[in-house]
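Reader: I am new to protein structures and would like to learn how to read one. Could you take me through it step by step?

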Amino acid sequence: MDRRQLEQALKIRYVKLHFKIRLREDTRLPMNKVSAIRGGIGEMLLRANCIRNRKCDACDFEEECIVRRTMYSRFDKDKKPPFVTTGESVGYVLECENYEEEFFAGDILEFQLVLFGRTIVYFSQFLQAIFQLGQAGLGKEHSTYDIVSVTNTQKREILKGQDIHMEHYEVKTIGGYVKYRLNRRGIWENRIRFKTPVTLKYQGEFQDKLILEAIIPAIFRRIYILDCFEGMDCGELGWQGDWPETVESVSRMMTVYRYSGTQDKKVALRGVKGDMVLSDIPEDLLPVLLAGEVMHIGKNTSFGFGRYHVS
């Protein structure tokens with residue numbers, strides 16, 4: 001793996017936004033909230049922007065559609081990776097690791113929205129949709145809420161009351177994040193812990209346990225996908241070194257159900273959650289692992305899947 005090529009490939013732009021919302025009344029929310037938040041944002045965007053009665057296949061404004069550019073952002077035709085066959089958006093990921101279901105009036109719920117590449121410019125559309133979702137209500141019980149704050153990774157307020165402070169809307173790069181993590185390093189435990197389920201294939205089969213031979217190629221694929229989305233031509237990277245030994249590994253399969261509006265039914269998303277300890281992490285491999293912390297890996301990343309942390 002060429003270090004200069006990796007450095008170029010990690011020039012992927014991103015913004016991470018931290019949302020705090022306050023529930024207005026006693027209510028119940030689903031255990032896995034990312035699907036409800038994602039679906040709610042999409043619905044609000046459609047209500048505010050769709051002018052062809054949601055008939056996307058016959059829409060003569062499809063190329064300029066705000067919903068397409070935000071929730072279902074596409075690659076340039078000559079940049080789409082050959083292995084990307086689905087219409088799943090790569091322009092953002094949502095994170096919410098609060099699994100409580102009972103909420104009382106005044107309770108705070110926090111979640112994160114990470115925007116990549118060209119999607120970064122659509123912050124106002126996402127913010128307006130999240131505000132409107134608070135008026136319409138989140139989840140089956142239509143739980144209403146108010147936005148308390150939107151902050152960046154340094155906890156500077158982008159939204160304060162009714163005022164938006166775009167000077168705090170800081171665009172960073174994945175490479176910059178990797179350097180930040182490397183500079184803060186102490187004694188590494190060499191542990192990779194998946195905070196959310198990850199859906200990975202290895203040798204054509206979906207995995208029911210965590211294995212490094214599936215994780216590392218998935219990170220490289222994610223880097224290449226986001227490079228293509230950014231319009232960069234850095235080429236595909238791969239790991240040619242020896243695989244570190246897995247000293248300890250704990251995995252469990254999980255199923256997350258989401259309602260699909262297009263299919264009008266519940267859809268099961270399956271993945272593996274757990275952690276693994278490696279004998280060591282080679283110096284050339286560590287930046288790759290750290291890059292994946294921001295991007296998420298595997299399938300269903302827009303539903304919060306594939307988030308991990310290297311400790």
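Author: Let us go from the whole protein to single residues. Keep in mind that this is a predicted model.

Reader: Which helices and strands should I expect, and how many of each are there?

Author: The count is a good place to begin. Here the protein has seven helices and 15 strands.

Reader: How do I judge how compact the protein is?

Author: Compare the radius of gyration with what a globule rule gives for the chain length. For 311 residues the rule gives 19 Å and the protein has 20 Å, which is close, so the protein is as compact as a globular protein of that length. You can also picture a box along the principal axes: the C-alpha atoms fill roughly 55 × 45 × 40 Å.

Reader: What share of the residues is buried?

Author: A residue counts as buried when its relative accessible area is under 20%. In this protein, 47% of the 311 residues meet that mark. The protein exposes about 16100 Å², and carbon and sulfur atoms supply 47% of that area.

Reader: And what do contacts tell me about the chain?

Author: Look at how far apart in sequence the partners are. Among contacts with a separation of 6 or more, 74% join residues 24 or more positions apart.

Reader: How many charged side chains are there, and where do the two sets lie?

Author: Count the positive and the negative ones, then compare their centres. The protein has 46 positive and 43 negative side chains, with the centres of the two sets 2 Å apart.

Reader: Let us try a helix. How many residues of α7 are buried?

Author: Go along the helix residue by residue. Helix α7 spans residues 286–295 and is mostly covered, as ten of its ten residues are buried. Among them are Leu286, Pro287, Glu293 and Met295.

Reader: What comes just after α7?

Author: His296 does, and its backbone has a positive phi of about 65 degrees. His296 is a residue other than glycine, and it sits in the loop between α7 and β15. With a relative accessible area of 0%, His296 is buried.

Reader: Where else does a residue that is not a glycine have a positive phi?

Author: Lys155 is a case, again with a phi of about 65 degrees. Lys155 belongs to the loop between β6 and β7. Its relative accessibility is 72%, so Lys155 counts as exposed.

Reader: Now a charged residue in a strand. Is Glu95 buried or exposed?

Author: Glu95 lies in strand β3, and a relative accessible area of 5% makes Glu95 buried. The next step is to look for a partner: the side chain of Glu95 makes a polar contact with the side chain of Lys16 at 3.1 Å. Leaving aside neighbours within four places in sequence, the contacts of Glu95 include Val34, Phe111, His296 and Arg307. We met His296 just after α7.

Reader: Which side chains make polar contacts with Glu170?

Author: The side chain of Glu170 makes a polar contact with that of Arg156 at 2.9 Å, and another with that of Lys172 at 3.5 Å. Glu170 is in the loop between β8 and β9 and is partly exposed, with a relative accessible area of 24%. Beyond four places in sequence, its contacts include Tyr14, Val15 and Asn152. Sequence and space can tell separate stories: Glu170 and Lys16 are 154 residues apart in sequence, with 8.5 Å between their C-alpha atoms.

Reader: What does the side chain of His168 reach?

Author: It reaches a backbone atom, the oxygen of Glu157, at 2.8 Å. His168 is also in the loop between β8 and β9, and at 22% relative accessible area it is partly exposed. Outside its neighbours within four places, His168 is in contact with Asn152, Arg156, Glu157 and Ile158.

Reader: One last residue, please. Is Gln203 buried or exposed?

Author: Gln203 is exposed, with a relative accessible area of 69%. Gln203 is placed in the loop between β11 and β12. Its side chain makes a polar contact with the side chain of Tyr202 at 3.5 Å. The C-alpha atoms of Gln203 and Phe103 are separated by 43 Å, with their positions 100 residues apart along the chain.

Methods:
Residues are numbered from 1 along each chain as its sequence is written. This is a predicted model: local features need pLDDT of at least 70, side-chain atom pairs count only at pLDDT 80 or more; totals for chains, interfaces and linings use all residues. Side-chain values use heavy atoms; hydrogens and water are left out. Helices (H or I, at least four residues) and strands (E, at least two) are DSSP runs, numbered from the N terminus. The radius of gyration is taken over C-alpha atoms; the globule rule is 2.2 Å times the number of residues to the power 0.38. Buried means under 20% relative accessible area, exposed over 50%, partly exposed in between (1.4 Å probe, protein chains only). Contact means heavy atoms within 4.5 Å. Accessible areas come from the Shrake-Rupley method with a 1.4 Å probe; for residues, only the protein chains shown count as cover. Lys and Arg count as positive and Asp and Glu as negative; His and the chain ends are not counted. The place of a charge is taken as NZ of Lys, CZ of Arg, CG of Asp or CD of Glu. A polar contact is a pair of N or O atoms within 3.5 Å; within protein, one must be able to donate a hydrogen and the other to accept it, and residues adjacent in sequence count only if both atoms are side-chain atoms.
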